[in-house]
Amino acid sequence: MVGNAFQVLPPQLAACPSLTDLGLDSNELRGLHPETLSCLSSLRALSLTGNQLTEVPPEIGKLGALTLLALGGNEISELPREIGNCSSLRTLTLSENALTALPSELGRLQMLRTLRLDGNPSLTCLPDSLCDLRALEALSVCACGLRDLP
């Protein structure tokens, strides 16, 4: 469903609990229906790159099977603490957003291998909990406003 004109996560997707891969890149998404998101518990890959999202609902934490979450190219300023419940997450892309901080709960993502934060100029620090990510292989922070590392 890439390159369409969806403005919200289609509620009809709630009827697809076995869906494992969902790509809604380059749409006009401004919001995610929390109820619909909660029904997608089998999702392993969710790509919402290049939309107009300003927030991620806490229900993202109910997606325990998620291994890939791509949220680059949006207008997200913060992540919910519940992101730390996505225990299977291996790749998290948050490049080109409006992030000002990251929740310390990111340190609970013990399977996370790749974290992309490029292009978040208001992101001035990273949580100390990132040092707990023993599986992390790639951290990309180009064009951020970082002043220090944990």
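Me: Why is Glu 105 called buried in this model?
Reply: Because its relative accessible area is 16%, and the cut-off for buried is under 20%. Keep in mind that the model is a predicted one.

Me: And Arg 81, what makes it exposed?
Reply: Arg 81 has a relative accessible area of 56%. Exposed begins over 50%, so Arg 81 gets that label.

Me: What makes Arg 81 and Glu 105 a salt bridge?
Reply: The N to O distance between their side chains is 3.9 Å. The rule asks for a Lys or Arg nitrogen within 4 Å of an Asp or Glu carboxyl oxygen, so this pair passes. The count by that rule comes to 1 salt bridge.

Me: Why say that this pair links distant parts of the chain?
Reply: Look at where the two ends sit: Arg 81 is in the loop between S3 and S4, while Glu 105 is in the loop between S4 and S5. The two are 24 residues apart.

Me: How many disulfides turn up, and how do you know that Cys 39 has no bond to Cys 16?
Reply: The search of the whole structure finds 0 disulfides. The closest cysteine sulfur to that of Cys 39 belongs to Cys 16, and it is 10 Å away. A disulfide needs the two sulfurs within 2.5 Å, so 10 Å is too far for a bond.

Me: What about Cys 131?
Reply: Cys 131 is in no disulfide either: the nearest cysteine sulfur, in Cys 125, is 12 Å away. Set that against the 2.5 Å limit, and the pair fails the test.

Me: Are those cysteines buried or exposed, and what makes you say so?
Reply: Neither label fits. Cys 39 has a relative accessible area of 32%, and Cys 131 has 39%. Partly exposed covers the range between 20% and 50%, so that's the term for Cys 39 and for Cys 131.

Me: On to the sheet. Why are S1 and S6 called edge strands?
Reply: The sheet is open, with 6 strands in the order S1-S2-S3-S4-S5-S6 and parallel pairing. S1 and S6 (138–140) each have a single partner strand, so one side of each is left without a neighbour in the sheet. From one strand to the next, the twist averages 5 degrees.

Me: How do you know that S3 and S4 really count as a pair?
Reply: Pairing takes at least two bridges, and S3 (residues 68–70) shares 3 bridges with S4, in the parallel sense. One of the links joins Ala 70 to Thr 93 in S4.

Me: What makes Thr 91 buried?
Reply: Thr 91, also in S4, has a relative accessible area of 18%. With the limit at under 20%, that makes Thr 91 buried. Beyond four places in sequence, Thr 91 is in contact with Thr 67, Leu 68, Leu 69, Leu 112, Thr 114 and Arg 116.

Me: What makes the phi values of Ser 26 and Glu 96 worth a mention?
Reply: Phi of Ser 26 is near 55 degrees, which is positive in a residue other than glycine. Glu 96 also has phi near 55 degrees, and is not a glycine either. Ser 26 is in the loop between S1 (21–23) and H1 (34–38), and Glu 96 is in the loop between S4 (91–93) and S5 (114–116). As for accessibility, Ser 26 is at 41%, so partly exposed is the right term.

Me: Why is Gly 31 called partly exposed?
Reply: Gly 31 has a relative accessible area of 22%. Buried needs under 20%, so Gly 31 is partly exposed instead. Gly 31 lies in the loop between S1 and H1, and its contacts beyond four places in sequence are Gln 7, Val 8, Leu 9 and Leu 53.

Me: And Leu 53, buried or exposed?
Reply: Buried: the relative accessible area of Leu 53 is 0%. Leu 53 belongs to the loop between S2 (45–47) and S3. Among the residues that Leu 53 touches are Leu 29, Leu 48, Leu 71 and Ile 76.

Me: Which residues touch the most other members of the largest nonpolar core?
Reply: Leu 46, Ile 60, Leu 69, Leu 102 and Leu 117, out of 37 residues. Beyond four places in sequence, Leu 102 touches Leu 79, Leu 94, Leu 117, Leu 123, Leu 126 and Pro 127.

Methods
Residues are numbered from 1 along each chain as its sequence is written. This is a predicted model: local features need pLDDT of at least 70, side-chain atom pairs count only at pLDDT 80 or more; totals for chains, interfaces and linings use all residues. Side-chain values use heavy atoms; hydrogens and water are left out. A nonpolar core is a set of buried Ala, Val, Leu, Ile, Met, Phe, Trp, Tyr and Cys residues joined through side-chain atoms within 4.5 Å. Buried means under 20% relative accessible area, exposed over 50%, partly exposed in between (1.4 Å probe, protein chains only). Contact means heavy atoms within 4.5 Å. Helices (H or I, at least four residues) and strands (E, at least two) are DSSP runs, numbered from the N terminus. Axes are lines fitted to C-alpha atoms, for helices over the stretch in contact, and angles run from 0 to 180 degrees between N-to-C directions.
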